[in-house]
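Dear colleague,

Please find below the sequence and structure that I promised to pass on to you. My notes on what was found follow directly after, and I would be glad if you read them with the structure open beside you.

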Amino acid sequence: MIAYCSFLFGWWIPVVSPILAVLGSTMAISAYIYVCRLRELNTILEQTVQKLEAAMSDLKQSQIQIIQSEKMSTLGQLVAGVAHEINNPVGFVSGNLKCIGEYVEDLTNHLQLYQQTFPEPGKDIKNDAKTIDIEYLLEDMPKVVASMQVGINRIKDISISLRTFSRSDTSNKVSYNIHEGIDSTLMILKHRLKANETRPEIQIIKEYGQLPMVNCYPGQLNQVMMNLIANAIDALDESNHGREYTEIQANPNNITILTTLENKIATIRIKDNGPGMSDTVKQKIFEHLFTTKTVGQGTGLGLSISRQIIEETHDGKLSCISAPGEGAEFVVEIPS
Ligand SMILES: Nc1ncnc2c1ncn2[C@@H]1O[C@H](COP(=O)(O)OP(=O)(O)O)[C@@H](O)[C@H]1O
Ligand SMILES: [Mg+2]
């Protein structure tokens, strides 16, 4: 039986073994090539996924920017519309107030003439004068009118600032007074600079140099000023946490705005004496959606959009100098 079996299988083993060996190594080589190819394909796939992810993030970024600029333009139109509508009634209230001021003066003089001509006007008139406290009334009335004039002038200033701030940008750059833009931004942010129960007013130190009119998109430039000043206020408010009112009063919050012309480049420096930032934060601040603020307080869009406006639209530069405890300074450079 054994002899039979070795006759049956034994003869082909030496014949088949080399074939199998060749076949095996061919298969191993094919498998190896196959694995290599798979790896290659995998790398290509990974690269494609990375590219797709980058494209997706770019797309998201542009989408957010489009929404943001659309929002700004709608808001700009709304603000400009409101400013325009306010202008009319403010105009006639202001004009009428001027008339009232003159009438009050005339009537007061006339009344005084009466009093001099008829020092004894009779019991009823004397009683009435006492009831209405005519001396006080005559003294106070011009003051009331003057205070109304101050109020209406303030509304006029706000309306002008709103219109300056919300200038909708044309398709071409226009010649613009940057100082006017900064002033209108400060007026709009006034409510945030004012004193409140936790801190005194934030001091604004303006050191304006001689700047020429600058060719730019005013609405976009004002948006940058707004972002930088609002960030400085946020930083100062954050640094005030846990500090006593008197402590802040002794070392007041301030924002310095310095403008200079250096080699035909209009430079605007916005510096605060807030907490400053660490190197790690500083490296990321211009990244899209980077924020250290809580949800609802920060979007992480301000600086990335500002950098885009200054560097891509205006061929300028937006940079930051800051260290922890040293405040932060943002430098905007625009070719004039
Ligand atoms: N003046 C500043 N002082 C300290 N940190 C600042 C200042 N300005 C900006 N930053 C930092 O940069 C981050 C990004 O700012 P920004 O792009 O305007 O987004 P957001 O204000 O919505 O957080 C802020 O969250 C903050 O951490
Ligand atoms: Mg911001």
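Once the neighbours within four places in sequence are set aside, E329 is in contact with R269, I270, K271, S319, C320 and I321. Please keep in mind throughout that this is a predicted model, and that the values below are computed from it. E329 has its place in strand β7, where it is buried, with a relative accessible area of 14%. Among its contacts, the one with R269 is also a polar contact between the two side chains, at 3.4 Å.

Strand β7, which spans residues 328-335, also carries F330, and this brings me to the aromatic residues. The structure holds two aromatic pairs. In one of them, the rings of Y114 and F118 have their centres 6.0 Å apart and their planes at 40 degrees, so this pair is tilted; Y114 itself counts as partly exposed, at 47% relative accessibility. The other pair is formed by F286 and F330, which meet edge-to-face with 6.4 Å from centre to centre and 80 degrees between the planes. Because F286 lies in the loop between α9 (279-284) and α10 (302-313) while F330 belongs to strand β7, this pair ties together parts that are 44 residues apart in sequence. Both partners are buried, F286 with a relative accessible area of 16% and F330 with one of 7%. The ring of F286 has a further partner in R307, whose charged end sits over that ring, 3.8 Å from its centre.

Next comes the bound molecule. Ligand 1 is surrounded by 19 residues, of which N231, T291, T292, K293 and T299 are the closest. Which elements supply at least two residues each to the shell around ligand 1? They are α7 (218-239), α10 and β7, and the element that gives the most is α7, with three residues. Looking at individual atoms, an oxygen atom of ligand 1 is 2.5 Å from an N or O atom in the side chain of T291, whereas in the case of T299 a backbone N or O atom lies 2.7 Å from an oxygen atom of the ligand. A polar backbone atom of L303 is likewise 2.8 Å from an oxygen atom of ligand 1. Taken on its own, ligand 1 has 530 Å² of accessible area, and the protein covers 93% of this.

The loop between α7 and α8 (245-250) holds two residues that you may wish to look at together, R243 and N240. N240 is buried, with a relative accessible area of 8%, while R243 is partly exposed, with 23%. Not counting residues up to four places away in sequence, N240 touches R199, I248 and N253; under that condition, R243 is in contact with I248, N251 and N253. The C-alpha atom of R243 is separated by 8.8 Å from that of T198, although their positions lie 45 residues apart along the chain.

A related case is E197, which has its place in the loop between α6 (190-193) and β2 (203-207) and counts as exposed, at 73% relative accessibility. E197 and Y245 are 48 residues apart in sequence, yet their C-alpha atoms are 8.2 Å apart in space.

Helix α5, residues 178-188, has a number of buried residues, namely I178, H179, G181, I182, S184, T185 and L186. At the start of this helix, a side-chain oxygen of N177 reaches to within 3.0 Å of the backbone nitrogen of H179.

Finally, there are two points of backbone geometry. Most residues other than glycine have a negative phi. D133, which is not a glycine, nevertheless has a positive phi of about 50 degrees; D133 lies in the loop between α3 (123-131) and α4 (134-165) and counts as partly exposed, at 40% relative accessibility. Phi is also positive for D315, near 55 degrees, and D315 lies in the loop between α10 and β6 (317-322), where it counts as exposed at 57% relative accessibility.

With best wishes

How values were computed: Residues numbered from 1 in each chain as written. Chains lettered and ligands numbered in written order. Predicted model: local features only at pLDDT ≥ 70, side-chain atom pairs only at ≥ 80, totals over all residues. Heavy atoms only, no water. Phe/Tyr/Trp six-rings, centres within 6.5 Å; stacked < 30°, edge-to-face > 60°. Buried < 20%, exposed > 50% of the residue type's maximum accessible area, 1.4 Å probe, protein only. Helix = DSSP H or I, 4+ residues; strand = E, 2+ residues; numbered from the N terminus. Lys NZ or Arg CZ within 6 Å of the ring centre and 35° of its normal. Polar contact = N/O pair within 3.5 Å; in protein donor to acceptor, adjacent residues only side chain to side chain. Contact = heavy atoms within 4.5 Å. Near = heavy atom within 4 Å. Areas by Shrake-Rupley, 256 points an atom, 1.4 Å probe, with all protein chains shown as cover.
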